[in-house]
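Me: Please take a close look at one part of this structure for me. I would like the packing of one helix pair, and then the surroundings.

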Amino acid sequence: MKTVSLTIDGKAIKAPEGQKVLWAALDNGIYIPNLCAIRKASEPYAGCRLCFVEIEGRNGPVTSCTEPVAEGMVVNTQGPRSRRLARTALELLLASHPVDCAHCAKNRSCELQKLCSLLGVKLNTRRFRKLVHNLPIDSSCPNFTYNPNKCVLCSRCVWTCRERYGVGVLGFAHRGFDRVVTTFEDKPIAESGCRVCDECIEVCPVGALVFKDGRKGTPGCAEVKSKTATS
Amino acid sequence: MTVIASQDIASTFQNIRDHALSRWQELWDGSKPIIMVSAATCGRSAGALEVLEAVKDELSRGQQDVQVMEVGCMGHCYAEPLVIIKKPGNPTVVYGYITPEKARRLVKDYIQGEDISPEFALGALEENELIPSIYDLPRFKHEKYILLENIGRIDPEDIDQYIAKGGYEALANALQMQPEDIIEEVRKSGLRGRGGAGFSTAQKWEVCRSSPGKIKYLICNADEGDPGAFMDRAILESDPHSVIEGMLIAAYTIGARHGYIYVRAEYPLAVHRAEIALEQAEGLGLLGKNILGSSFSFDIKPFQGSGAFVCGEETALIASLEGKPGLPHHRPPFPATSGLNGKPTVINNVKTLAYVPPIIRNGADWFASIGTEKSKGTAVFALAGKVVNTGLTEVPMGTTLRQIIFDVGGGIPKGRRFKAVQIGGPSGGCLPESALDMPIDFDSLKEVGAMMGSGGMVVLDEDDCMVEVARYFLEFTQRESCGKCTMCRLGTRQMLSMLEDFTCGRGQMQDLETLKELAEDVRIGSLCGLGRTSPNPVLTTMRYFRDEYKAHIEEKRCPALMCHDLIAYYILPEKCERSCDACVGTCTVEAISSNKQRVKVIDQAKCVKCGTCLTACPLQYNAVIKLSPPDKVPAAKG
């Protein structure tokens, strides 16, 4: 495969042609904030709005999950404008997230916590109003619970369930602020044909899908459990 | 696609046209009077169908042979229902504000009698000595009709009338041209997409044409969703063939075999008339296989969208057409290279496509001679809100807002003061009085923070609160947000909650800064056009009407006396008439009582601020007023 050379944060790297900047950076040990990126997905979801980077010669910040690498490209992952957008997106997510880390099964393996320390954002950010959902928690499955109120709508569980395993129990419903990951007709997951493969729990970056026995999912799972690409 | 048998195309079309022309002449120059009732959606909601019924009923009592025709919207929506009467030997007259009773009188007095009834007339369509010409109205000084040329003048359900007016000639010409030459012609004309962003049409077509692959698609975007915009609906309802002809030329140019009209299901009449038009075009061999005997084949299917605003965005529209949820995705790839089913697809707005036939017919230079340096041609606006002449208008690019609002629109009703104009719907901005003399085109509007959008123009007067306007549009966008990306889903929701606080008097000054920062971030950081443009109403109102925001936050005062929580109703004791108790009886919550002097007093604790007392108070007293902030109401005595 053809490779191209580019610079990310001053580090000269080579990446396969057509690869997105986000993966090129992650493969070379440069972390770019992200929640919704799935390496194996046919097209980037581009929903979390965290992975902004600045590219020389470009007008404004671009999402690195959608931007293919190019020869001679100079990328800055820590530019002030891209960081400002990432912080705003993270604060928006936190303002609609019930922050109760001490009682959350995901405490200390939660990607929101990791992003907060990386971007210098307080978990209890006060810039925006607290707007949380109050939806019922689904504990119908024997080994895991689903708390839609904690969900950040990254789509990883939906993709894994549908595209990777072809089950399709989970999907999105409603629009705007009411958008939610749910099952067909909002039935409990256990009654929706779930095969309890636990893959959705493994990929959930936050405390929305957690094991009942306190087991932790794979931490830092931006790669979404890809057999070929664990770095 | 090679050009074969040009003469065949020309002669096939000539036959079609001859037939259409002879039918038109028979109708228009015949001895029968013609009554045209403007019955598009706007006319129908004003009662055009009842008028039509009355006309037919009245005629059935007489012996006269009269041609009754249903036509589309003339653009004069303020005067609906409209009736146009052409009686041989007399000028053609447009009558406005027609009720069934007036319609019966017109039939009796003018059709059966000789009284031309000038009291109902808006004007005549040609110069004459009886009735002033409609073109003497001040609006016609500024208006120039290209797209609106035929609307309201022809029966949209009769293809021959469109052909007789020069329709499908451009198609016949185009089929004898090389596609590259058509692109060149459109490029020279300077046509830019009328969907809002103003992207070069020729460039879009060229990218699609040169994209590899045999299968290509053409989509007409008729998913008009802006509050207060109805241009696309009017064109589809009143002159559907102009859109179909534009689609045919575009399809021939880019090499598409299949096309769709993506129209919202809330436009049933537009869907119905488009279906009839498609059927008739196919019947004449203008659509379908081997069009006009050429090797070019193309078919069009109407597709009814379910009314999601976001589906006006190209990528979401395609997803919806593919049967998926209407969610946008990242561009590039642009649809012109990878669109419907992954094939190169051109998506053009209704108006963009309708401009194509006149450009091919009259030449690129003619089109390029109209408008400003970078925005050619005309712009169609839907005038709504606080303006006398609501309706459609078409003016050359570069016309000023003042000319549109005051000359074409007739100014602000009830002698109120102009305050702002909201252009481009939820994606556009609110422009203040200082922008009135700016010539408008795609670029000048962008500079001041608004955008052409689809062309909705809502006029606001001194009674409109700008904070409330921003809140209204944001409520719309956050509800219509698909929810896929964080910035739009949560950002618009947060902005809305701040604006709600302002209008309720709960805002803080620091919110204003946060709101501005957030609006900037949502503008840059959103996934699609809906999110990126959604802060425009907020940013422009904050830019031009900052004082109003400050009044809401610092003084808890709504200067326009509009925000429900920041006003109170008060009865001026010196104006209140002792013998009148009109307000007492109408008050829905029994909050008004008489005091010892028989002066009426509102119990502020009971009052729900419905405003009924203000309407009920007779004009000669005018004793009920609104006060803001509510604590300005003097304490009750006795």
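Reply: Angles of 65 to 115 degrees between helix axes count as roughly perpendicular. Keep that range in mind for this predicted model.

Start with the helix pair. Helix 18 (residues 466-480) of chain B packs with helix 23 (residues 546-554) of chain B at an angle of about 95 degrees. Their axes lie 8 Å apart. The two helices of chain B, helix 18 and helix 23, are therefore roughly perpendicular to each other. From helix 18 of chain B come Met466(B), Val467(B) and Ala470(B). They meet Glu548(B), Tyr549(B) and His552(B) in helix 23 of chain B. By type, the residues of this contact are four nonpolar, one polar and one charged.

Helix 18 of chain B also holds Gln478(B). The relative accessible area of Gln478(B) is 13%. Buried means under 20%, so Gln478(B) is buried. Leaving out residues up to four places away in sequence, Gln478(B) touches Thr492(B), Arg493(B) and Leu496(B). It also touches Gly176(A), in chain A.

Next, a loop of chain B. Val310(B) sits between strand 8 and helix 13 of chain B. Val310(B) is buried too, with a relative accessible area of 3%. Neighbours within four places in sequence aside, its contacts are Ala316(B), Gly326(B), Pro328(B), Glu480(B), Cys482(B), Cys528(B) and Leu530(B). Tyr569(B) is 259 residues from Val310(B) in sequence and 40 Å from it in space, C-alpha to C-alpha.

Now the second largest pocket. Its volume is about 1400 Å³. It is lined by 49 residues, and the closest to its centre are Glu43(A), Lys324(B), Pro325(B), Leu327(B) and Lys484(B). Four elements give two or more residues to the lining: helix 4 (156-164) and strand 7 (171-173) of chain A, with strand 8 (299-305) and helix 13 (314-321) of chain B. The lining divides into 23 nonpolar, 17 polar and nine charged residues.

Last, helix 4 of chain A. Its buried residues are Arg156(A), Cys157(A), Val158(A), Trp159(A), Thr160(A) and Cys161(A). These pack against several elements of chain A: helix 3 (111-119), strand 7, strand 8 (180-182), helix 5 (199-203) and strand 9 (209-211). After helix 4 of chain A comes Gly166(A), with a positive phi near 65 degrees.

Note on methods: Residues are numbered from 1 along each chain as its sequence is written. Chains are lettered from A and ligands numbered from 1 in the order in which they are written. This is a predicted model: local features need pLDDT of at least 70, side-chain atom pairs count only at pLDDT 80 or more; totals for chains, interfaces and linings use all residues. Side-chain values use heavy atoms; hydrogens and water are left out. On a 1 Å grid over the protein atoms alone, a cavity is a set of points where a 1.4 Å probe fits but cannot get out, and a pocket is an open set with protein on both sides within 12 Å along at least five of seven lines; lining residues have an atom within 4 Å of a point. Grid points are joined across faces, edges and corners, and a volume is the space filled by probe spheres set on the points. Ala, Val, Leu, Ile, Met, Phe, Trp, Tyr, Cys and Pro count as nonpolar, Asp, Glu, Lys and Arg as charged, and the others, Gly among them, as polar. Axes are lines fitted to C-alpha atoms, for helices over the stretch in contact, and angles run from 0 to 180 degrees between N-to-C directions. Angles under 35 degrees count as roughly parallel, over 145 as roughly antiparallel, 65 to 115 as roughly perpendicular and the rest as oblique. Contact means heavy atoms within 4.5 Å. Buried means under 20% relative accessible area, exposed over 50%, partly exposed in between (1.4 Å probe, protein chains only).
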